[in-house]
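Work through these exercises with the model open beside you. Try each task before you read its solution.

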Amino acid sequence: MSRSAGRKLTTMTPTPPDLGGRTRPDETDDAEAGGTWQVYFLSLVNPANPDHDFERVKVGITRRDVARRIEQLQTGNPFRIRCERSFRSPVARQVEHWVHRTSQVEQLEWLRLARSEIPGLVRKAQLEGERIARIAEATARWSRSESNGKERQPGAEERRLHEAARGVLAELWPVSLRLECTKRSIALKAGKVLHIPGIVTVSYRPLSGRFNPKTALKKFHDLAAPYAVEEVDGTFRWRGVPNLGSPEWAHLRAEAEHLKAKQRELDAAMLNSNDWLRKEGERTDDLTYLHDEYLGLIQQKARLELDEEYIQAHAIQAIEDFEAIAGVCSFRWSTGPVLKNQESFREAHPNEAAQCFSEPKAHIRRRIYASRSY
């Protein structure tokens, strides 16, 4: 899989006034529960000029006929929506998410892509669907029993997987740190504003706490037990691979920590004032550059994470009934309670549930746009 940042957008062609809304909730909920769904790839056609390419493609999923989905999207759209390709997949939702994670979404769920490039995207999506299905199969194998503490020596294939993981992680961690630095740099460049068009939106989140089910099980085990189920939980670890603490990127960690401290100062100043809630910032050249860098980095990170997941799935398959492969990886799993019916526990025991919330804090939240639309 390519690990490039993806092409950046420059001149924008005119876009239709209405490209159709996001996938409806009934189109995404429990996408794989009823068997395979269809992944579709739609384009826009101008009846007055059929050869014109808007360079837009919508990738979505449906359990019904694609033509019916097009009828829903066609409402209010002056251009004809046409299905270019579709295929069935048992992991349709994950395939859709993969496309959106690794592509630049221009407007709602429409990607900027030439019509001639759609067949290539379809093939990549099909291959990713096959890959995701194999990952699901691998992780399902260990979900029925606990670790046995056994370790075996690696073979040539396990050593190859380990070397591949080392290579991917050696790229992933510095990309992750650069992405963190870029996000914090955008926050600092934006300053005390509510919004910068096309770059970032900022919001104030009032005092709130979050219910912690693990705290409930620990502090009130007997009361929580009727609302819990036993599940197998596994922890996979590579051995002898680069990590976030590796000395190779100490300078990136130091920069990330410095920017984090500066952002905390900015957030504290914003929490003590509400003047910024009425301000719109200016989209400067510096912010545009940082935003382009951010878009490239999130795509790099997504691709590298998918690569690592795939290698990890093969390693899990190779472990078989062992807990570890010496010098390569370990995969320890154990059975424990999980508070599945949280709402019922909180309704039945409100006083105890109130003691299981994290400390309420007000905070500043920023949403950086996931595509360039200016």
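**Exercise 1. Find the residue of S11 that stands opposite threonine 235, then describe the pairing of the two strands.**

Step 1. Threonine 235 stands opposite arginine 332 in S11. Strands here are DSSP runs of E with at least two residues, helices are runs of H or I with at least four, and both are numbered from the N terminus.

Step 2. Strand S9 covers residues 228–238 and strand S11 covers residues 329–339. They run antiparallel, joined by 11 bridges. Two strands count as paired if DSSP finds at least two bridges between them.

A note on the source: this is a predicted model, in which local features need pLDDT of at least 70 and side-chain atom pairs count only at pLDDT 80 or more, while totals for chains, interfaces and linings use all residues. Residues are numbered from 1 along each chain as its sequence is written, and side-chain values use heavy atoms, with hydrogens and water left out.

**Exercise 2. Work out the strand order of the open sheet of 4 strands.**

Step 1. Look at strand S10, residues 324–325. S10 runs antiparallel to S11, with 2 bridges between them. Isoleucine 325 stands opposite cysteine 329 in S11.

Step 2. Check the hairpin of S10 and S11. There are 3 residues between the strands, and glycine 327 takes a positive phi near 75°.

Step 3. Put the strands in order: S6-S10-S11-S9, with mixed pairing. Strand S6 (151–152) and S9 each have a single partner strand, so one side of each is left without a neighbour in the sheet.

Step 4. Add the helices. H5 packs on this sheet and touches S6, S9 and S10. The direction of H5 makes about 85° with that of S9. H9 lies across S6, S9, S10 and S11, at about 105° to S9. Contact means heavy atoms within 4.5 Å.

**Exercise 3. Describe how H5 and H9 pack.**

Step 1. Recall the two values to look for. Two packed helices are described by the angle between their axes and the distance between the axes. Axes are lines fitted to C-alpha atoms, for helices over the stretch in contact, and angles run from 0 to 180 degrees between N-to-C directions.

Step 2. Read off the values. H5 (residues 156–190) and H9 (residues 285–319) pack at about 155°, with axes 8 Å apart. The two helices are therefore roughly antiparallel. The cut-offs are under 35 degrees for roughly parallel, over 145 for roughly antiparallel, 65 to 115 for roughly perpendicular, and oblique for the rest.

Step 3. Sort the contact residues of H5 with H9: 19 are nonpolar, 6 polar and 11 charged. Ala, Val, Leu, Ile, Met, Phe, Trp, Tyr, Cys and Pro count as nonpolar, Asp, Glu, Lys and Arg as charged, and the others, Gly among them, as polar.

**Exercise 4. Check the length of H5 against the span expected at 1.5 Å a residue.**

Step 1. The expected span is 1.5 Å times one less than the number of residues. For the 35 residues of H5 this gives 51 Å, and the end C-alpha atoms are 51 Å apart, which agrees.

Step 2. Look just past the end. Glycine 191, just after H5, takes a positive phi of about 75°. Glutamate 320, just after H9, takes a positive phi of about 55°.

**Exercise 5. Compare the directions of H5 and H8.**

Step 1. Their axes come within 9 Å and cross at roughly 25°. H5 and H8 are therefore roughly parallel.

Step 2. Name some contact residues. Among them are Pro174, Leu177 and Arg178 of H5, and Leu252, Arg253 and Glu255 of H8.

Step 3. Count by class. The contact of H5 with H8 has 9 nonpolar, 2 polar and 7 charged residues.
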